[in-house]
Amino acid sequence: MKIKHFSFLFLFVFISISTNAQRLYRFNDNGKTSTKEFDLIDTKLNLSFDFSDQTVNGEAWLTLKPHFDSTDKLQLDAKKMNIYEVSQNGKALKFYNSKEKLNIDLPKIYTQNDTVKLYIKYKGNPNKVENKGGVAITDDKGLYFINPNGLDKNKPTQIWSQGEPEQNSVWFPTIDKPNQKSTEQITMTVPSKYKTLSNGLLISQKENEDGTRTDVWKQTLPHAPYLFFVGVGDFEIIKHEWRGKEVSYYVEPAYKDNAEELFKNTSEMLTFFSDLTGVEYVWDKYSQIIVRDYVSGAMENTGAVVHGESAMLSKGELLEDNSWEPVIAHELFHHWFGDLVTTESWANLTVNESFANYSEFLWIEHKYGADKANEYMIKTRSRYLDKNALAENYGKHLVRYNYSKKDDMFDVISYNKGGMILHMLRKYLGDEKFFAGIKTYLKANKFKAAEAHQLRLAFEEVSGEDLMWFFSQWYYSNGHPKLNVTFQKDLLTNKLKVKVTQSDKEFDFPLKISVYKSKLIEEYPVFVDGKEKIFEFSFDNEKDIKLIKVNSDHSLLAEITVPDLTTEELIYQYEHVKHFEDRKDALEQLKDKQEDKDVLKVFEAALEDPYAGIQIFALENINLAEKHKKKKIIREIEKLSGHKNPNVAAAAISTLGKLVNHDYISIFKKGLESESPKVKGNSLLAMFYVDKDLAKSYADGLSNEIKDVIYVPLLKMYLEDRKDIHVSFVAKYLLTGMYFIQDEKLKESFKDAFDWVAATDNEEAIKVLVDDFVKNGNKYRKYNFNFECIRLLRQIIDVQNKTNNANKATIISLLEQGISELASE
């Protein structure tokens, strides 16, 4: 399952969780692999849905067998269900329904050589399932009815399921554990106007006389119960084919054209991951569906991946960059790591999620090259090394049996850190051994459940090397190396001494040191063990050493302190060190030194860097003070304003806007015609700095749809202008600006704007604000964000009480209604 990155911000802002339990590393029942008293074999379901009361009427035919011990008792997971009948061959069986477990008395003692077949008639009540509380990636409902009565005209009616970690037992009785595997057949009867999606293939459809249709989906390969999926709604289906298998996308009809662009690389991904792992994609089909109000980012239901509505990028956003593509890769790679081979316990979630996380890097590296992949890896690493994240997570093991709730495992450790650990292992073993190890692991454990030790054994089998030293540090312990590095040139012996000192806990790890000399680069793979290690390298001439890079391949996950570089060394680093991180770091450290002509030349050169990310950084940070002396640079920026990459063009337009030159109006007008939201938005804001009236006239002529896409530059304009006619627009984005937006200066502007909006007598603005607060407060209720929204609404009431607004009673009533909706369960 994919988690939206900003969710962690709420975790730190609104939730404070003690980490003591993580440091007292104990094995508890939560972390245990579930004991297999029975093995699931097959599941057949017949479902119909009651939209009015949001329930599911179901029949289940289960086939199981005792795992080893003989028994006449069976316990199934059946959360909050009404159980009407349990029978075998038409004969009723005794059962006890605890509303969590269904306990069944079997008619005889069954051995491991016997097969048990049961029929269960039931009703699933997802809205009766209570969230267990605390921080969770989803609530526990399992099955979701979206706008079931069609009252919201801006939202389609849909049904979809969410099973991970163990929520699917809300809508069908099963053994809801990741170490179970079952084939399946799901029959759904729905209104004929709706499409359905489930795992496997659609094997039959029957139109019924009552205006409904019955669809039958069948999957013949076994998978875990949490991967079962049902989806219902008004979807347009786009179909393609890959190696004889259906590749399809289920989207709202209005999004059909953009969906082709969004998912266009899916087939290529299937080929890439099949070739990379050495195991061809095994499942019947590969479908992806976008749904409304989804409780997470996306989910790897076998052959029926679900994406939240954040995936519905506009044509212009897709033109800039398909930011959802890593999610698409992530969920697809789960079909090897998670679906084909499944974690046997949530404690071992790393064998699912760490691989899916790393697949994002692998795909970007393959498709877009090293620079983009390494830029992506920096973001992955920074989310783990963020000081707030470390405060919460430093003590956690990658494989950990001491979590409080299953949902606790879905964090930056299982995802980000786990992915980077795989990257380190790949760099240590080399590509050939690493991917051969993956193939061995997948083939040995396909259609089974596995844990991290089996992954280790696969890599050991291929490499012939004992890797317990690696796994014990990175999988079964916590933290990462914290290094202090110093350099010393011994002129008597012509030796360069590199001293690496570990603080905090000690790790053993390979390390790459690169020494840049005038005419060559010397690379030294070394191994660090112990508190302190000194490595010596020979040189002929002290002046011949231009630069020393430790962890020069950037593969080691560590915090490293190195001596400060001189300006000359930083310039050399940008010009001679190829890795994206080194080029970006050099520019970062040089950006405040551009009064030095040599540094300015570096930024001028960076404008033509082969990677757009570097060009954009240079454009955003180049110093154009005394612009009359920098006409050549400015001419280059003018050219870049028409760059084929809209992100580069947008950055160039923004930089030109800061020059406040009326001659650029034609450039800004042309930019406003672009489909790229960044180019359009930056052009509008740049125009605003030059000709406010002209920019406002353009802004007033934009459709609401376009305004919502380029809301950031509009907000900058409206917050500076503070006109009453714009207060509704600002109110709509007040919460976004205060908490979600990445622009820190704009965040501060929103804090200042809070009192302006709070004091308004514009009822429409208050209604828009309340609707947005209720929507986001409830959406992130699991992070207690609803309480923060309540606090803010009460603040607005206090402000209103101090105004002379004639309609303040109506406004306060709207605010109190919002508080009530946020406070209700």
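This report describes salt bridges, a charged surface patch, unusual backbone angles and two buried residues in a predicted model.

## Salt bridges

The count of salt bridges in the model comes to 42. One of them joins the side chains of arginine 243 and glutamate 280, with a distance of 3.1 Å from N to O. Arginine 243 sits in the loop between β16 (236-242) and β17 (245-251), and glutamate 280 sits in the loop between α4 (266-277) and β18, so this salt bridge ties together parts that are 37 residues apart in sequence. Arginine 243 has a relative accessibility of 44% and counts as partly exposed. Glutamate 280, at 42%, also counts as partly exposed.

Arginine 292 and glutamate 252 form a salt bridge too, at 2.6 Å from N to O. This pair links distant parts of the chain, 40 residues apart: arginine 292 is in the loop between β18 and β19, while glutamate 252 is in the loop between β17 and α3 (256-262). Arginine 292 has a relative accessibility of 14%; because buried means under 20%, arginine 292 counts as buried. Glutamate 252 is likewise buried, at 14%.

In a further salt bridge, lysine 517 pairs with glutamate 522, and their closest N and O atoms are 3.1 Å apart. Both lysine 517 and glutamate 522 are buried. Elsewhere, Glu166, Lys177 and Lys406 are joined into one network by salt bridges that share partners.

## A negative patch on the surface

Five residues gather in a patch of negative charge on the surface: Glu575, Asp592, Glu595, Asp596 and Asp598. Glutamate 575 belongs to helix α14, which covers residues 567-576. Its relative accessibility is 51%, and because exposed means over 50%, glutamate 575 counts as exposed.

## Backbone angles

Most residues other than glycine have a negative phi, and most peptide bonds are trans. Three places in this model depart from that pattern, and they are described here in turn.

The peptide bond from glutamate 164 to proline 165 is cis, with omega near 5°. Proline 165 lies in the loop between β10 (158-161) and β11 (182-191).

Glutamine 54 has a positive phi, near 55°. This residue is in the loop between β1 (38-50) and β2 (55-66), and glutamine 54 is buried, with a relative accessible area of 19%. Aspartate 293 also has a positive phi, near 55°. Aspartate 293 is placed in the loop between β18 (286-290) and β19 (298-299). With a relative accessible area of 35%, aspartate 293 is partly exposed.

## Two buried residues

Leucine 624 is in the loop between α17 (612-621) and α18 (631-640). The relative accessible area of leucine 624 is 12%, which makes this residue buried. Apart from neighbours within four places in sequence, leucine 624 is in contact with Lys630, Ile633, Ile634, Ile637, Thr655 and Leu659. From leucine 624 to glycine 818 the separation is 194 residues in sequence and 48 Å in space, C-alpha to C-alpha.

Phenylalanine 740 is part of helix α26, residues 734-740. Phenylalanine 740 is buried, with a relative accessible area of 18%. Phenylalanine 740 and alanine 765 are separated by 25 residues in sequence and by 20 Å in space, C-alpha to C-alpha.

Conventions
Residues are numbered from 1 along each chain as its sequence is written. This is a predicted model: local features need pLDDT of at least 70, side-chain atom pairs count only at pLDDT 80 or more; totals for chains, interfaces and linings use all residues. Side-chain values use heavy atoms; hydrogens and water are left out. Patches are made of residues with over 30% relative accessible area and no salt bridge: like charges are joined within 9 Å, nonpolar side chains (Val, Leu, Ile, Met, Phe, Trp, Tyr) within 5 Å. Accessible areas come from the Shrake-Rupley method with a 1.4 Å probe; for residues, only the protein chains shown count as cover. A salt bridge is a side-chain nitrogen of Lys or Arg within 4 Å of a carboxyl oxygen of Asp or Glu. Lys and Arg count as positive and Asp and Glu as negative; His and the chain ends are not counted. The place of a charge is taken as NZ of Lys, CZ of Arg, CG of Asp or CD of Glu. Helices (H or I, at least four residues) and strands (E, at least two) are DSSP runs, numbered from the N terminus. Buried means under 20% relative accessible area, exposed over 50%, partly exposed in between (1.4 Å probe, protein chains only). Contact means heavy atoms within 4.5 Å.
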